[in-house]
Amino acid sequence: MPDEHLEPEHFQPEHAGFRKLCQDFLAREAVPYHDEWERAGIVSRGFWRAAGAAGLLGVGVPAEYGGAGQPDYRYPQVLAEELIAAGVTAPGIVAHNDIVASYLATRTTAEQRARWLPGLCAGELIAAIALTEPAGGSDLSAMHTTAVRDGDGYLLNGQKTFITNGENADLILVAARTAGQRGAQGVSLFVVERDTTGLRRGEPMAKLGWHASDTCELTFTDCRVPAANLIGKEHAGSAYLMSGMPRERLSIATVALAAAEKVLAAAVAHAQQRHAFGQPIGSLQHNRFTLATLDTEVAIARVFIDRCVRQLNSGRLSVTDAARAKWWTTELQVRVADRAVQLFGGSGYLRDNPIAKEWANSRVQTIYGGSTEVMKELIGRSLGL
Ligand SMILES: Cc1cc2nc3c(=O)[nH]c(=O)nc-3n(C[C@H](O)[C@H](O)[C@H](O)COP(=O)(O)OP(=O)(O)OC[C@H]3O[C@@H](n4cnc5c(N)ncnc54)[C@H](O)[C@@H]3O)c2cc1C
C-alpha cells in the first residue's frame with residue numbers, strides 16, 4: 001500500500017521527548033518515595049512543586065498563566081501512560097490537570113485565571129473536584145449541597161465524599177445547588193479555597209487500592225465563599241460539567257488502557273517462564289487462548305482510544321464515544337488484572353506483588369467518573385432507547 005494511505009503515527013517525535021521527560025522525572029521524584037507515600041496515604045507537597053517545575057502540571061493552560069499552552073491531549077495521555085508504567089498510582093494528577101485545570105482555564109474570568117492558574121501550574125496550589133455526595137454519586141441531579149446567596153458571597157452547606165486530593169487540596173471545585181429543587185438545572189460551580197471558614201476535611205479513607213492517593217470527605221457548614229469564586233454563570237454548573245465529561249472519561253480510559261497493556265505484558269512474560277506439567281503455563285491451550293483474547297481486546301482498545309484522543313484534539317469527541325471508551329477500557333482493565341492474578345497463582349494474591357496491586361487499583365476504575373452502568377445508559381440513549 002502506498003505510504004499516503006497509511007494512518008500517520010499517533011505519537012510524534014515531540015511526544016517521545018515529553019515521554020522521556022516524564023520517565024526521568026518519575027524515576028527521580030516519585031518512584032523512590034512511592035512506598036513512603038503509600039504508607040502515609042498521601043503524596044508530599046514537594047512532589048507537586050517538583051512536577052510543576054518540570055512542566056508536568058497545567059500542560060493545557062495558556063502560557064501567560066504559567067502553563068505550557070499545549071492543547072494537544074497526547075501530552076496528558078503520555079503522562080498518564082508513564083505514571084502507570086512507573087507504578088506511580090499517586091498523586092491525583094488526572095484530577096488536578098485534566099479535570100480542574102481545564103475548567104479553570106476555560107470557564108473563568110481573567111481575574112480568576114490570574115489568581116489560581118499560576119499556582120496550579122507551579123504545584124503550589126493542589127486541586128480537587130467535589131461532586132459526589134454520601135447519598136449518591138451517579139445521579140448528580142439529586143445533589144443536596146446548597147449555596148445560598150448572602151451579601152457579597154454564598155453560604156455553602158452540605159457534604160461531599162470520596163474526594164481525590166481532598167486532604168492536600170488548596171482549590172476545591174465544588175458543585176452546589178443554587179436554585180431550589182430545579183434538578184440538574186439549578187447547580188453552580190464554586191472554588192473553595194484551603195482555609196475557608198466552615199470547610200472541614202474528614203479522616204483519610206482507607207481504600208482497597210490507590211493507597212498513596214488521598215481521598216476524604218469534605219463538610220461545608222455555613223462555608224462562606226466569595227461571589228468572586230463562582231465559576232462562570234450561576235445555575236450553569238451542570239452544563240459545564242456535562243461539556244467537561246468527555247475529557248474526564250477519556251482521561252480515565254487512557255489510564256485503564258495503559259494499565260491493561262502493562263499487566264498483560266507482565267502476564268505473558270510470566271506465562272512464558274512459569275512451568276506446569278512439563279511446559280510453560282502459557283503453552284497450555286486454555287491460558288494461550290485467554291491471553292490471545294485479552295491481547296486482541298487490548299490491541300483494538302488502543303486503536304479506539306488513540307482515535308478518541310485525536311477527536312478530543314479537534315473538538316469532536318462525543319459524549320457517546322467517551323462513554324464507550326470509559327466503560328470498555330475500564331472493564332477490560334479489570335478483566336486483564338483478574339486473569340493476571342489467576343496466572344500468577346498464589347504469588348498473585350500476595351499484597352505486595354505488583355500484580356495484586358494492579359488488581360486492587362483496577363477495581364475502582366469501572367465505578368468512578370461515571371460507572372459502567374451509567375455509561376451504558378448514555379450509550380443506550382444515543383441509540384434512541
Ligand atoms: C477512589 C475514589 C476516588 C473518587 N474521586 C472522586 C472525586 O475526586 N470527586 C468526586 O466528586 N467523586 C469521586 N469519587 C466518587 C465516584 O465518582 C462515585 O463513587 C461514583 O460516581 C458512584 O457513585 P456512588 O459511589 O454514590 O454509587 P451510586 O451512585 O450509589 O451507585 C451504586 C451502584 O448503582 C449503579 N447505578 C447507578 N445508576 C444506575 C442506573 N441508572 N442503572 C443501573 N445501575 C445504576 C452504579 O453503577 C453502582 O454500581 C471517587 C470514588 C472513589 C472510590
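**Exercise 1. Place Gly346 in the predicted model and decide whether it is buried or exposed.**

Step 1. Find the element. Gly346 sits in the loop that joins α9 (319–344) to α10 (354–362).

Step 2. Apply the cut-off. Exposed means over 50% relative accessible area. Gly346 has 60%, so it is exposed.

Step 3. Check a distance. Ala325 is 21 residues from Gly346 in sequence. Their C-alpha atoms are 32 Å apart in space.

**Exercise 2. Do the same for Glu377, and give its C-alpha distance to Thr320.**

Step 1. Glu377 belongs to helix α11 (residues 372–382).

Step 2. Its relative accessible area is 48%. Partly exposed covers the range between the 20% and 50% limits. Glu377 is therefore partly exposed.

Step 3. Glu377 and Thr320 are 57 residues apart in sequence. In space, C-alpha to C-alpha, the figure is 9.9 Å.

**Exercise 3. Divide the chain into domains and describe how domain 2 and domain 3 meet.**

Step 1. List the domains. They are domain 1 (3–125), domain 2 (129–235) and domain 3 (239–382).

Step 2. Take the centres over C-alpha atoms. Those of domain 2 and domain 3 are 30 Å apart.

Step 3. Count the contacting residues. Domain 2 supplies twelve and domain 3 supplies eleven.

**Exercise 4. Describe the second largest pocket: its volume, its lining and the domains around it.**

Step 1. Start with the volume. The second largest pocket holds about 550 Å³ of space.

Step 2. Look at the centre. The lining has 28 residues, and Asp98, Ser102, Thr106, Arg247 and Leu312 are the closest to the pocket centre.

Step 3. Assign elements. Those giving two or more residues to this lining are α4 (74–85), α5 (93–106), α7 (237–273) and α8 (285–313). The top contributor is α5, with nine residues.

Step 4. Sort by chemistry. The lining has 15 nonpolar residues, nine polar and four charged.

Step 5. Place the pocket. Domain 1 (3–125) and domain 3 (239–382) both contribute lining residues, so the second largest pocket lies between them.

**Exercise 5. Which residues does Asp306 contact beyond its sequence neighbours, and is Asp306 buried or exposed?**

Step 1. Asp306 is part of helix α8.

Step 2. Its relative accessibility is 10%. Buried means under 20%, so Asp306 counts as buried.

Step 3. Set aside neighbours within four places in sequence. Asp306 then contacts His10 and Gln77.

Step 4. Compare sequence with space. Asp306 and Gln77 are 229 residues apart along the chain, yet 9.2 Å separates their C-alpha atoms.

**Exercise 6. Work through Val88 in the same way.**

Step 1. Val88 is in the loop between α4 and α5.

Step 2. Relative accessibility is 4%, so Val88 counts as buried.

Step 3. Neighbours within four places in sequence are left out. The contacts of Val88 are then Ala30, Val31, His34 and Leu83.

Step 4. Take Val31 as one of them. Val88 and Val31 are 57 residues apart in sequence and 6.7 Å apart C-alpha to C-alpha.

**Exercise 7. Classify the ring pair of Trp37 and Phe47.**

Step 1. Choose the descriptors. An aromatic ring pair is described by the distance of its centres and the angle of its planes.

Step 2. Count the aromatic pairs. There are seven.

Step 3. Take the values for Trp37 and Phe47. The ring centres are 5.2 Å apart and the planes stand at 75 degrees. An angle over 60 counts as edge-to-face, so this pair is edge-to-face.

Step 4. Locate both partners. Trp37 is in helix α2 (residues 34–40) and Phe47 is in helix α3 (residues 45–53), ten residues apart. Both Trp37 and Phe47 are buried.

Step 5. Widen the view. One aromatic cluster contains Phe25, Tyr33, Trp37, Phe47 and Trp48.

**Exercise 8. Trp210 and His235 have positive phi values. Give the angle, location and exposure of each.**

Step 1. Trp210 has phi near 45 degrees, although it is not glycine. Its loop runs between β6 (199–201) and β7 (215–226). With a relative accessible area of 16%, Trp210 is buried.

Step 2. His235 is not a glycine either, and its phi is about 70 degrees. His235 lies in the loop between β8 (230–231) and α7. At 25% relative accessible area, His235 is partly exposed.

Key:
Residues are numbered from 1 along each chain as its sequence is written. This is a predicted model: local features need pLDDT of at least 70, side-chain atom pairs count only at pLDDT 80 or more; totals for chains, interfaces and linings use all residues. Side-chain values use heavy atoms; hydrogens and water are left out. On a 1 Å grid over the protein atoms alone, a cavity is a set of points where a 1.4 Å probe fits but cannot get out, and a pocket is an open set with protein on both sides within 12 Å along at least five of seven lines; lining residues have an atom within 4 Å of a point. Grid points are joined across faces, edges and corners, and a volume is the space filled by probe spheres set on the points. Helices (H or I, at least four residues) and strands (E, at least two) are DSSP runs, numbered from the N terminus. Ala, Val, Leu, Ile, Met, Phe, Trp, Tyr, Cys and Pro count as nonpolar, Asp, Glu, Lys and Arg as charged, and the others, Gly among them, as polar. Domain bounds come from an automatic or database domain assignment. Buried means under 20% relative accessible area, exposed over 50%, partly exposed in between (1.4 Å probe, protein chains only). Contact means heavy atoms within 4.5 Å. Rings of Phe, Tyr and Trp (its six-membered ring) pair if their centres lie within 6.5 Å; planes under 30 degrees apart count as stacked, over 60 as edge-to-face and the rest as tilted.
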